[in-house]
Amino acid sequence: MSEKKDQRESLIFIAWAAAVIAMFGSLYFSEIRQYEPCELCWYQRIIMYPFVVILGIATVKKDYKISLYTMILSAIGGMISMYHYGIQKLSFLADAAPACGRIPCTAAYINWFGFITIPFLALTAFVIIFICSFLIWKKTKEVS
């Protein structure tokens, strides 16, 4: 039982760390590099930023029941990121993409190695949080 508890502690910390890195990464791009976020970027931020506080508190209090909520929210954030990445990289989606404000959602400020864009980075963070949350949720169900 203590091994499972230690693993859950590590997993919730990893999820929190992913949220912190994603938050500071997005702030770096917008505040230091001066990349103005598009509307879909804002939606991803709206989901990601509270994870820093929620998972931080859950890490300190060892509250593993939060995993159900973070799993659901990270899945929603991941779907937004996948769609955003898709309209940047898939021409048939980009052609049908609605205009979304001053900054087009199809614009890619970065394109590292030909595939890493800001929505891809957000998707990576959401996937890490989802996987950690799912494993915590599964282990918490086994313990109780």
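# Helix Packing Exercises

Lys62 has 42% relative accessibility and therefore counts as partly exposed. This model is predicted. Work through each exercise with the structure in view.

**Exercise 1. Find where Lys62 lies and describe its phi angle.**

Step 1. Locate the residue. Lys62 sits in the loop between H2 and H3.

Step 2. Read the backbone angle. Phi of Lys62 is near 55°. That value is positive, and the residue is not a glycine.

Step 3. Add the exposure. Buried means under 20% relative accessible area, and exposed means over 50%. Lys62, at 42%, falls in between, so it is partly exposed.

**Exercise 2. Treat Gln34 in the same way: where is its place, and is it buried or exposed?**

Step 1. Gln34 has its place in the loop between helix H1 (2–32) and H2.

Step 2. Its phi is positive, about 65°, although Gln34 is not a glycine.

Step 3. The relative accessible area of Gln34 is 58%. The cut-off for exposed is over 50%. Gln34 is therefore exposed.

**Exercise 3. Give an overview of the protein chain: how many helices and strands does it have?**

Step 1. Count the elements. The protein chain has five helices and zero strands. Along the sequence the pattern reads α-α-α-α-α.

Step 2. Take the dimensions. The C-alpha trace spans about 50 × 30 × 25 Å along its principal axes.

Step 3. Turn to burial. Of the 144 residues, 41% are buried.

Step 4. Look at the surface. The chain exposes about 8400 Å², and carbon and sulfur atoms supply 69% of that area.

Step 5. Check the contacts. Take those with a separation of 6 or more: 75% of them join residues 24 or more positions apart.

**Exercise 4. Describe how H2 packs with H3: at what angle do their axes cross?**

Step 1. Recall what is needed. Two packed helices are described by the angle between their axes and the distance between the axes.

Step 2. Apply this. The axes of H2 and helix H3 (residues 67–89) come within 10 Å and cross at roughly 150°. Because angles over 145 degrees count as roughly antiparallel, H2 is roughly antiparallel to H3.

Step 3. Add the hand. H2 passes H3 in a left-handed crossing.

Step 4. Find the contacts. Residues of H2 that meet H3 include Leu40, Tyr43, Ile47 and Phe51. Their partners in H3 include Leu73, Ile76, Ile80 and Ile87. By class, the contact of H2 with H3 has twelve nonpolar, six polar and no charged residues.

**Exercise 5. Now take H2 with H5: which residues meet?**

Step 1. The axes of helix H2 (residues 39–61) and helix H5 (residues 118–143) come within 11 Å and cross at roughly 40°. That angle makes H2 oblique to H5.

Step 2. The crossing of H2 and H5 is left-handed.

Step 3. On the H2 side are Gln44, Ile47, Met48, Phe51 and Leu55. They meet Pro119, Ala122, Ala125, Phe126 and Ile129 in H5. This contact has nine nonpolar, one polar and no charged residues.

**Exercise 6. Work out the surroundings of Tyr49: in which helix is it found?**

Step 1. Tyr49 is found in helix H2.

Step 2. Its relative accessibility is 22%, so Tyr49 counts as partly exposed.

Step 3. Leave aside neighbours within four places in sequence. Tyr49 is then in contact with Met23, Ser26 and Leu27.

Step 4. Compare sequence with space. Tyr49 and Ile21 are 28 residues apart in sequence. Their C-alpha atoms are 10 Å apart.

Note on methods: Residues are numbered from 1 along each chain as its sequence is written. This is a predicted model: local features need pLDDT of at least 70, side-chain atom pairs count only at pLDDT 80 or more; totals for chains, interfaces and linings use all residues. Side-chain values use heavy atoms; hydrogens and water are left out. Axes are lines fitted to C-alpha atoms, for helices over the stretch in contact, and angles run from 0 to 180 degrees between N-to-C directions. Helices (H or I, at least four residues) and strands (E, at least two) are DSSP runs, numbered from the N terminus. Angles under 35 degrees count as roughly parallel, over 145 as roughly antiparallel, 65 to 115 as roughly perpendicular and the rest as oblique. A crossing is left-handed if the near helix is turned anticlockwise from the far one by less than a right angle, and right-handed if clockwise. Contact means heavy atoms within 4.5 Å. Ala, Val, Leu, Ile, Met, Phe, Trp, Tyr, Cys and Pro count as nonpolar, Asp, Glu, Lys and Arg as charged, and the others, Gly among them, as polar. Buried means under 20% relative accessible area, exposed over 50%, partly exposed in between (1.4 Å probe, protein chains only). Accessible areas come from the Shrake-Rupley method with a 1.4 Å probe; for residues, only the protein chains shown count as cover.
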